[in-house]
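Visitor: I would like to learn how to read a protein model feature by feature, starting with a single residue and working outwards. Could you take me through one?

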Amino acid sequence: EILQIDTPEKIYEKPTSPKVARQLGNPPINLIDVEQVNSNWTARDGTPLMPTNLITEKKHVIGIRPENITPYGGNSPAIIRMVENLGPSTILLFEWAGSEIHLVITGEKRFKPGEKIFPKFDPSKTILWPKTPGLQTQKYEP
């Protein structure tokens, strides 16, 4: 089944669905079910993730690539469950916003399982997919 035709770069940046998004990238894109609550996209566990742009469909899936999340600067705590040191980069697996999330960082900072972090991401680097099948993919526009 062909779901999207384009260059790998364009599919990576603007996949048409979560299924397509998970085909490129390692670790794969993080997917979080969200609902519009007041003026925020809020995860199932009640964690507000980012402002909405008042889309009429109330339920969406947010896609965030692991390299677009930083371990500090956010408002909601997360606990690191796994650390995978790959030499020039490190993958962190943590529980946050009711989901298991991967984050990729570079540099010398060392992390340990059980350590608390405050993840943050740039909303402009996210992708929103409506939970209603057949609706158009949207880039976040503040």
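Visitor: Does S76 count as buried or exposed?

Guide: The general idea is to compare the relative accessible area with a cut-off, and buried here means under 20%. This is a predicted model, so the values that follow are computed from predicted coordinates. S76 has a relative accessibility of 17% and therefore counts as buried. The residue is found in the loop between β5 (69-70) and β6, and, not counting residues up to four places away in sequence, S76 touches T47, W96, I117, F118 and P119.

Visitor: Which elements does the protein have, and in what order do they run?

Guide: One reads the elements from the N terminus on, and in this protein two α elements come before the β elements, in the order α-α-β-β-β-β-β-β-β-β-β-β-β-β. The count is 2 helices and 12 strands. The radius of gyration is 15 Å, close to the 14 Å that the globule rule gives for 142 residues, so the protein is as compact as a globular protein of that length. Along the principal axes, the C-alpha atoms fill a box of roughly 40 × 35 × 25 Å.

Visitor: How should I read the contacts and the surface of the whole protein, beginning with what percentage of its residues count as buried?

Guide: Of the 142 residues, 39% count as buried. For contacts, the useful quantity is the separation along the sequence: among contacts between residues at least 6 apart, 57% join residues at least 24 apart. The exposed area is about 8300 Å², of which carbon and sulfur atoms supply 52%. As for charge, the mean positions of the 17 positive and 16 negative charges are 3 Å apart.

Visitor: Which residues touch the most other members of the largest nonpolar core?

Guide: In soluble globular proteins, nonpolar side chains tend to be buried together. In this structure the largest nonpolar core has 22 residues, and I32, L49, I62, F94, W96 and F121 touch the most other members. The elements that give two or more residues to this core are β1 (30-37), β2 (40-43), β3 (48-51), β4 (59-64), β6 (78-85), β7 (89-96) and β8 (99-106). A second, separate core of 5 residues includes A21, I29, V61 and I127. To look at one member of the largest core in detail, take F121, which, leaving aside its neighbours within four places in sequence, is in contact with L49, M50, I64, N68, I69, W96 and T126.

Visitor: Which residues does N30 touch, not counting residues up to four places away in sequence?

Guide: A contact list of this kind shows which parts of the chain meet at a residue, and for N30 the list holds I62, G63, I64, R65, P66, I69, E100, I101 and H102. N30 lies in strand β1 and, at 3% relative accessibility, counts as buried. Contrast this with a separation in space: the C-alpha atoms of N30 and I11, 19 residues apart along the chain, are separated by 16 Å.

Visitor: What should I look for in backbone angles, and which sign does phi have at N38 and at A97?

Guide: One looks at the angle together with the residue type and its surroundings. N38 has a positive phi of about 55° although it is not a glycine, and A97 likewise has a positive phi of about 55° without being a glycine. N38 lies in the loop between β1 and β2 and is exposed, with a relative accessible area of 72%, whereas A97, in the loop between β7 and β8, counts as buried at 3% relative accessibility. A separate backbone feature is the cis peptide bond that joins N26 and P27, with omega about 0°; P27 is found in the loop between α2 (18-21) and β1.

Visitor: How far apart are K125 and R65 in sequence and in space?

Guide: Here one sets the two separations side by side: K125 and R65 are 60 residues apart in sequence and 8.0 Å apart in space, C-alpha to C-alpha. K125 is placed in the loop between β10 (120-121) and β11 (127-130) and counts as partly exposed, at 44% relative accessibility. Leaving aside its neighbours within four places in sequence, K125 is in contact with G63 and N68.

Methods: Residues are numbered from 1 along each chain as its sequence is written. This is a predicted model: local features need pLDDT of at least 70, side-chain atom pairs count only at pLDDT 80 or more; totals for chains, interfaces and linings use all residues. Side-chain values use heavy atoms; hydrogens and water are left out. Helices (H or I, at least four residues) and strands (E, at least two) are DSSP runs, numbered from the N terminus. The radius of gyration is taken over C-alpha atoms; the globule rule is 2.2 Å times the number of residues to the power 0.38. Buried means under 20% relative accessible area, exposed over 50%, partly exposed in between (1.4 Å probe, protein chains only). Contact means heavy atoms within 4.5 Å. Accessible areas come from the Shrake-Rupley method with a 1.4 Å probe; for residues, only the protein chains shown count as cover. Lys and Arg count as positive and Asp and Glu as negative; His and the chain ends are not counted. The place of a charge is taken as NZ of Lys, CZ of Arg, CG of Asp or CD of Glu. A nonpolar core is a set of buried Ala, Val, Leu, Ile, Met, Phe, Trp, Tyr and Cys residues joined through side-chain atoms within 4.5 Å.
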